[in-house]
Amino acid sequence: MTLFDDMLKDEESLFTDEHVLDFDYLPDLLPYRENQQGYIADCIKPLVAGRPGKNLFIHGAPGVGKTSCIRFVFEELKKSTDAIKPVYINCWKKPTTNAVLTEVASQLGSIGAHYKTNEELWAKVEKGLSRSKGVVIALDEIDKAKEQDFLYQILENIRAITVLMISNDKAFLANVDGRIRSRLTPEELEFPPYKLDEVRGILEERKNAAFVPGVWGEEAFGLVVDKTYEQGDMRVGLSLLRESGRAAESDASRRVTVEHAMRAKGKMVDFRMYGSGDLGEKEALVLSIIEENSGIETGELTEMLKKRAEPIADSSLRRIIQRLDKGGYIFREEVAAGYGKGKTMKHFIDK
Ligand SMILES: Nc1ncnc2c1ncn2[C@@H]1O[C@H](COP(=O)(O)OP(=O)(O)OP(=O)(O)O)[C@@H](O)[C@H]1O
Ligand SMILES: [Mg+2]
């Protein structure tokens, strides 16, 4: 008997194509976002007719299909014309003017664009541009860019262009330099959260493409749908589908049951928890300490906050802990504090 004896054999896997559940997998169709796709395409169309395009500021919460829609529209554009070049840049990965220009130059086909000064890179960009009728530049996660002067340069010097800016932060534009903003004059496109039946529809398609037909129980799938809807992020659903499937496989089960979905849910790090807005800074700090020190007692928690130069008065610490408990982030257990010391609380992350 080895550790792997009870594993399902290859041909017995519950997955037909697990890769379909990857976050960067682009499905053939992106249902419920047809309007947004049409809107983005309309901003690009003038370029095809030889006129300047329209700029667009796209915003919405994480995991609502913004990046996927851009990629989808770019694929369609490539299918219909060679004259307009799509350039996609993730400003979190390419945060400086130099990195952005390098990427624009290389996606426009100017090879050897590495390690150059901004001026040299700009010459490469212009050379690349001269080979096409127009360019669409998508600047994803634009709020993560550390510099913005490339925007000025691009808007000032390229006429046949559409700039698509994508962000989670609706207020981003307000922080952009006025000279850039007045050259952008972008329209705004919001990606609202998916409704419950839309979440179900999207996950149903992914489930059907990733799993052997019929392995998912209706109730187990319903649990995944509900949790995804509650969090508003489709990545939650994709992770839960995958992890539930894996939980079933590790039990050598031929069906994904409620128990497997529950187990997957329990293991999932609630990545919304640390996001802005939902929890205050102090709550997030206390939560992270509890996460790092499972079972930590109240007194130790106070000490640790002091050590981190973030002292919190007992009364407000009590309120923060109550809020975390009520919100389902943590649970508490009363224990004896030691001989003659009464009771204290231990704190755990609630998964
Ligand atoms: N309408 C849809 N149809 C099918 N899959 C979708 C749809 N919307 C989102 N998804 C899936 O959800 C995942 C997250 O989508 P995407 O990366 O486009 O989100 P995002 O809005 O760009 O999020 P972030 O702001 O965090 O970058 C992807 O795997 C994508 O395939
Ligand atoms: Mg994205």
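**Notebook: ligand 1 and two sheets**

I began at the ligand, where a polar backbone atom of Phe23 lies 2.8 Å from an oxygen atom of ligand 1. I noted at once that this is a predicted model. Next I checked Gly63, and a polar backbone atom there is also 2.8 Å from an oxygen atom of ligand 1. For Thr67 I found a side-chain contact: an N or O atom of that side chain sits 2.8 Å from an oxygen atom of the ligand. How much of ligand 1 does the protein bury? Taken alone, ligand 1 exposes 630 Å², and the protein buries 94% of that.

I then listed the surroundings. There are 22 residues around ligand 1. Phe23, Gly63, Lys66, Ser68 and Tyr194 come nearest. I sorted the shell by class and got 12 nonpolar, five polar and five charged residues. Which helices each supply at least two residues of this shell? I wrote down helix 2 (66-80), helix 7 (196-210) and helix 9 (234-250).

**Entry: the five-stranded sheet**

I looked up the strand order next. Five strands form an open sheet, and I read the order as 2-3-4-1-5. The pairing is parallel. Which strands stand at the edges? They are strand 2 (84-90) and strand 5 (187-190), and each pairs on one side only. I also noted the twist, which averages 15° from one strand to the next.

I picked one pair for a closer look. Strand 3 (residues 134-140) and strand 4 (residues 161-167) run parallel and share five bridges. I found Leu139 bridged to Met165 in strand 4. Helix 1 (residues 34-48) packs on this sheet. I saw that helix 1 touches strand 1 (56-59), strand 2, strand 3, strand 4 and strand 5. The direction of helix 1 makes about 150° with that of strand 5. Helix 2 packs on the sheet too, touching strand 1, strand 2, strand 3 and strand 4. I noted about 160° between the direction of helix 2 and that of strand 2. I had already met helix 2 in the shell around ligand 1.

**Entry: the three-stranded sheet**

I moved on to the other sheet. It is open, has three strands in the order 6-8-7, and pairs them in the antiparallel sense. Why is one side of strand 6 and of strand 7 left without a neighbour? Strand 6 (296-297) and strand 7 (330-336) stand at the edges with a single partner strand each, so one side of each has no neighbour in the sheet.

I followed strand 6 first. Two bridges join strand 6 to strand 8 (residues 343-349), and the two strands run antiparallel. I traced Glu297 to its bridge partner in strand 8, Lys346. Helix 11 (residues 281-292) packs on this sheet and touches strand 6, strand 7 and strand 8. I put its direction at about 90° to that of strand 8. Helix 13 (residues 314-326) also packs here, touching strand 7 and strand 8. The direction of helix 13 makes about 120° with that of strand 7.

Last, I checked the pairing of strand 7 with strand 8. The two are antiparallel and share seven bridges. I found Arg332 opposite His347 in strand 8. I also found Ile330 opposite Ile349 in strand 8. How many residues lie between the strands of this hairpin? I noted six, and Gly338 in the hairpin takes a positive phi near 125°. I closed with a general reminder: strands of a sheet pair through backbone hydrogen bonds, either parallel or antiparallel.

Terms used. Residues are numbered from 1 along each chain as its sequence is written. Chains are lettered from A and ligands numbered from 1 in the order in which they are written. This is a predicted model: local features need pLDDT of at least 70, side-chain atom pairs count only at pLDDT 80 or more; totals for chains, interfaces and linings use all residues. Side-chain values use heavy atoms; hydrogens and water are left out. Two strands pair if DSSP finds at least two bridges between them. Helices (H or I, at least four residues) and strands (E, at least two) are DSSP runs, numbered from the N terminus. Contact means heavy atoms within 4.5 Å. Axes are lines fitted to C-alpha atoms, for helices over the stretch in contact, and angles run from 0 to 180 degrees between N-to-C directions. A residue is near a molecule or strand if one of its heavy atoms lies within 4 Å of it. A polar contact is a pair of N or O atoms within 3.5 Å; within protein, one must be able to donate a hydrogen and the other to accept it, and residues adjacent in sequence count only if both atoms are side-chain atoms. Accessible areas come from the Shrake-Rupley method with a 1.4 Å probe; for residues, only the protein chains shown count as cover. Ala, Val, Leu, Ile, Met, Phe, Trp, Tyr, Cys and Pro count as nonpolar, Asp, Glu, Lys and Arg as charged, and the others, Gly among them, as polar.
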